[in-house]
Amino acid sequence: MLKLSMKHLRYFSGCLVLYLFSPQAQPAPPAIEMPMYGSSPAKPRKPSEKDMAFIQSLEKSGKTREAVAKEVIRTAWEEYARTDYKLAIRKFNQAWLLDPENGDAYHGFALISTVRDKNAEEAEKFFRLALSKPGVSASAYVSYGRFLWIVDRLDESLVTLQKSLSVSSTARDARLHIARVYYKKKDFGKACEWARLARDNNDDLPPDFLEDMCKKGGTA
């Protein structure tokens, strides 16, 4: 399973809160570059004849749709890390078509909705869908926890980030974001404590992060 780091989630930072509720008017992308091909969870797009031929070819080769979906999602994250959102969303869509129960496809939709589309409502919808699916990666909880503290829903953020640690005790950057939440809550002692834990977990700490988190609550 591919672990997402701050490098993979580039541009998803606190400054996005300025844009999440005021998306710029842009031409709608083609359906192939929209989450779920522009359909909705209530009325998902039905596979086309071309889609069915592709799926049948997989089945004839002995591969399962679920296994191929995981492979496609790994490629999607690689493209996302390169900020090639057009190719990333096409891959997430392909994975979703193969396995609509794979929560990490919805995680991808959520981040595309956040970073590319600057649409908080759509992002939250897809985050919730991601977390409703069995076996979703801990990184989906980390991403949603980050989203929640960016929009100042701090208590919800803590619950979600703690959940990521129950899914994976080494969830990348969960501790980093917990530290940020406590800092925003002005609980500087806990902010410092969690920043140290983030360092020990080898989270992707920004420069001077530990010093910033600990200057009011302790020593780094």
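Contact here means heavy atoms within 4.5 Å. With that in mind, Glu-79 makes a convenient way into this predicted model. Glu-79 sits in helix α3 and, once residues up to four places away in sequence are set aside, touches Asp-84, Leu-87 and Ala-88. Glu-79 is buried, because its relative accessible area is 10% and the cut-off for burial is under 20%.

Stepping back to the whole chain, the fold is built from eleven helices and zero strands. Read from the N terminus, the order of elements is accordingly α-α-α-α-α-α-α-α-α-α-α. Burial applies to 47% of the 220 residues of the chain. Among contacts in the chain with a separation of 6 or more, 63% join residues 24 or more positions apart.

The helix that carries Glu-79 packs against α4, and this pair is a good place to look at the packing in detail. The axes of α3 and α4 come within 8 Å and cross at roughly 165 degrees. With that angle, α3 is roughly antiparallel to α4, because angles over 145 degrees fall into that class. The crossing of the two helices is left-handed. On the α3 side, the residues that meet α4 are Arg-65, Val-68, Ala-69, Val-72, Ile-73, Thr-75, Ala-76, Trp-77, Glu-79 and Tyr-80. Their partners in α4 are Tyr-85, Leu-87, Ala-88, Lys-91, Phe-92, Gln-94, Ala-95, Leu-97 and Leu-98. Sorted by class, this contact of α3 with α4 comprises 14 nonpolar, two polar and three charged residues.

Helix α4 also meets α2, with another geometry. Here the axes come within 11 Å and cross at roughly 70 degrees. This makes α2 roughly perpendicular to α4, and the crossing of α2 and α4 is right-handed. Asp-51, Phe-54, Ile-55 and Leu-58 of α2 face Gln-94, Leu-97 and Leu-98 of α4 in this contact. Five of the residues involved in the contact of α2 with α4 are nonpolar, one is polar and one is charged. Gln-94, Leu-97 and Leu-98 thus appear in the contact with α2 and also in the contact with α3.

How do these helices relate to the nonpolar interior? In soluble globular proteins, nonpolar side chains tend to be buried together. The largest nonpolar core of this model has 40 residues, of which Tyr-80, Phe-92, Trp-96, Tyr-106, Phe-109 and Phe-147 touch the most other members. At least two residues of this core come from each of α2 (49-61), α3 (65-81), α4 (85-98), α5 (103-115), α6 (120-131) and α7 (138-150). Helix α4 gives the largest share, eight residues. A second core, separate from this one, has 24 residues, including Leu-158, Tyr-182, Cys-192 and Met-213.

Further along the chain, α7 packs against helix α8 (residues 154-167) at an angle of about 165 degrees, with the axes 8 Å apart. That angle makes α7 roughly antiparallel to α8, and α7 passes α8 in a left-handed crossing. From α7, the contact draws on Ala-138, Tyr-141, Val-142, Tyr-144, Gly-145, Arg-146, Leu-148 and Trp-149. From α8, it draws on Leu-154, Glu-156, Ser-157, Thr-160, Leu-161, Lys-163, Ser-164 and Val-167. Nine nonpolar, four polar and three charged residues make up the contact of α7 with α8.

A few individual positions round off the picture. Gly-103 belongs to helix α5 and is buried, with a relative accessible area of 2%. Beyond its neighbours within four places in sequence, Gly-103 is in contact with Ala-130, Lys-133 and Val-136. Between Gly-103 and Pro-134, 31 residues apart in sequence, the C-alpha to C-alpha distance is 7.1 Å.

Two loop residues deserve a glance at their backbone angles. Most residues other than glycine have a negative phi. Lys-118, in the loop between α5 and α6, has instead a positive phi near 50 degrees. The side of the burial scale on which Lys-118 falls is partly exposed, with a relative accessible area of 23%. Asp-152, likewise not a glycine, has a positive phi of about 65 degrees; its place is in the loop between α7 and α8.

Note on methods:
Residues are numbered from 1 along each chain as its sequence is written. This is a predicted model: local features need pLDDT of at least 70, side-chain atom pairs count only at pLDDT 80 or more; totals for chains, interfaces and linings use all residues. Side-chain values use heavy atoms; hydrogens and water are left out. A nonpolar core is a set of buried Ala, Val, Leu, Ile, Met, Phe, Trp, Tyr and Cys residues joined through side-chain atoms within 4.5 Å. Buried means under 20% relative accessible area, exposed over 50%, partly exposed in between (1.4 Å probe, protein chains only). Helices (H or I, at least four residues) and strands (E, at least two) are DSSP runs, numbered from the N terminus. Axes are lines fitted to C-alpha atoms, for helices over the stretch in contact, and angles run from 0 to 180 degrees between N-to-C directions. Angles under 35 degrees count as roughly parallel, over 145 as roughly antiparallel, 65 to 115 as roughly perpendicular and the rest as oblique. A crossing is left-handed if the near helix is turned anticlockwise from the far one by less than a right angle, and right-handed if clockwise. Ala, Val, Leu, Ile, Met, Phe, Trp, Tyr, Cys and Pro count as nonpolar, Asp, Glu, Lys and Arg as charged, and the others, Gly among them, as polar.
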